[in-house]
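Here is a brief report on one chain. Have the sequence and the model open while reading.

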Amino acid sequence: MEPERIKDSRCFRICMIIVCIVIAIVSNRVLAKNYASPEYELNKNTITYLDEKKATALELCAGATALSAVITMIPGDAGTPIAEKLTDLSGYFLIVVSAIYLEKYLLTILGALTFQWLIPAAMIALALYFGIKKDLCWMLGVKILIFGVALYAVIPVSVHVSQLIYHTYQESIDATLTETEQMLSQTQEAVDTEPAADPETDETEGFFSGLIDKAKDTIDNAKNAAGITTERFKYMLNQFIDGLAVLIVTTCLIPVLVMLFFAWMVKILFGTGINQIKERK
């Protein structure tokens, strides 16, 4: 009975009302500015990671587009399906970049919404509970508080989880970018390489025979380049698909799963609180 007496005492209720009001003011005036600012340490680290992933996605998009363009320069239709598939992947990389921008904006927007409005509203409801002893005020305050904290935590928690997965495959993605640069340079050189004309040969064999030999050598070089690099293009296509899958999982899928998990937890907590109020009544 002693704890119940303390809760029902006028002094305790006044103290709790003051505490709730102070928390509401601090959240609205101080915490909201910090958590809504991109320069706040927690937000800054999260945004830095998202910027790094955005840069990687853009590099993969540019690499896929450039590699597709180079493949189309090779004579024949052997590489056309690979080039078309790489072009399609570029569109998916842009979707990933858009999702990263959305996460960056939501990080600060949800921070402002939670600490400037939701937490103060929750504290006001709890202060009313200690003032008028209505269970509805308590339930409303707890609901808003849990919802606000869960809403803000979605982006930081999802980013932290995605970091654990992304760092595991980061070396593979970096290797893909390096191999793409090497392949682009090698393929471009192989396609553009033409045998240098020999003045002495031109003089002895004549203009037309030298031109024919030059054309034959150029065609042979192009065919050899196409035959040598087709398998490598298939390998690089698989590498780009793997990189895209990692980015989609870490950028799109994990935030959705974290949001669903928080929604499930909030639903359980709200259901438990409602059942407790019903039992009291």
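## Terms and overview

A residue counts as buried when its relative accessible area is under 20%, as exposed when that area is over 50%, and as partly exposed in between. The model is predicted.

The chain has seven helices and zero strands. Read from the N terminus, its elements run α-α-α-α-α-α-α. Buried residues account for 35% of the 281 residues. Contacts often span long stretches of sequence: of those between residues at least 6 apart, 82% join residues at least 24 apart. The accessible surface is about 16700 Å². Carbon and sulfur atoms hold 65% of that surface.

## The salt bridge

How many salt bridges does the structure hold? There is one. K104 pairs with D51, and their closest N and O atoms lie 2.7 Å apart. The pair links distant parts of the chain, with K104 in helix 4 (residues 80-132) and D51 in helix 3 (residues 41-72). The two residues are 53 apart.

Are the partners buried or partly exposed? K104 has a relative accessible area of 16%, so this residue is buried under the 20% cut-off. D51 comes to 28% and is therefore partly exposed. Side chains of opposite charge can pair when their charged atoms come close.

## Nonpolar cores

The largest nonpolar core has 43 residues. Within this core, L67, L86, F93 and F240 touch the most other members. Helix 3, helix 4, helix 5 (135-192) and helix 7 (207-280) each give two or more residues. Helix 7 gives the most, with twelve. In soluble globular proteins, nonpolar side chains tend to be buried together.

L67 shows how such contacts are made up. Setting aside neighbours within four places in sequence, L67 is in contact with L86, M183, L184, F233, M236 and F240. Two of these names, L86 and F240, also appear among the core residues that touch the most other members.

A second core is separate and has 14 residues. Its members include C20, F115, Y129 and Y152.

## A buried asparagine

N43 lies in helix 3. Is N43 buried or exposed? N43 is buried, with a relative accessible area of 0%. Beyond residues up to four places away in sequence, N43 touches N34, Y35, A36, S37, P38, L107 and Y152. Of these contacts, Y152 is also a member of the second core.

## Aromatic pairs

The count of aromatic pairs comes to twelve. One of them joins Y129 and F130. This pair is edge-to-face, with 5.2 Å from centre to centre and 70° between the planes. Y129 is buried at 13% relative accessibility. F130 is buried too, at 10%. Both residues belong to one aromatic cluster with F12 and W138. Y129 is also included in the second core.

What kind of pair do F261 and W264 form? Their ring centres are 6.1 Å apart and their planes meet at 45°, so the pair is tilted. F261 and W264 are three residues apart in helix 7, so about one helical turn separates them. F261 is partly exposed at 44% relative accessibility. W264 is partly exposed as well, at 48%.

Key. Residues are numbered from 1 along each chain as its sequence is written. This is a predicted model: local features need pLDDT of at least 70, side-chain atom pairs count only at pLDDT 80 or more; totals for chains, interfaces and linings use all residues. Side-chain values use heavy atoms; hydrogens and water are left out. A salt bridge is a side-chain nitrogen of Lys or Arg within 4 Å of a carboxyl oxygen of Asp or Glu. Helices (H or I, at least four residues) and strands (E, at least two) are DSSP runs, numbered from the N terminus. Buried means under 20% relative accessible area, exposed over 50%, partly exposed in between (1.4 Å probe, protein chains only). A nonpolar core is a set of buried Ala, Val, Leu, Ile, Met, Phe, Trp, Tyr and Cys residues joined through side-chain atoms within 4.5 Å. Contact means heavy atoms within 4.5 Å. Rings of Phe, Tyr and Trp (its six-membered ring) pair if their centres lie within 6.5 Å; planes under 30 degrees apart count as stacked, over 60 as edge-to-face and the rest as tilted. Accessible areas come from the Shrake-Rupley method with a 1.4 Å probe; for residues, only the protein chains shown count as cover.
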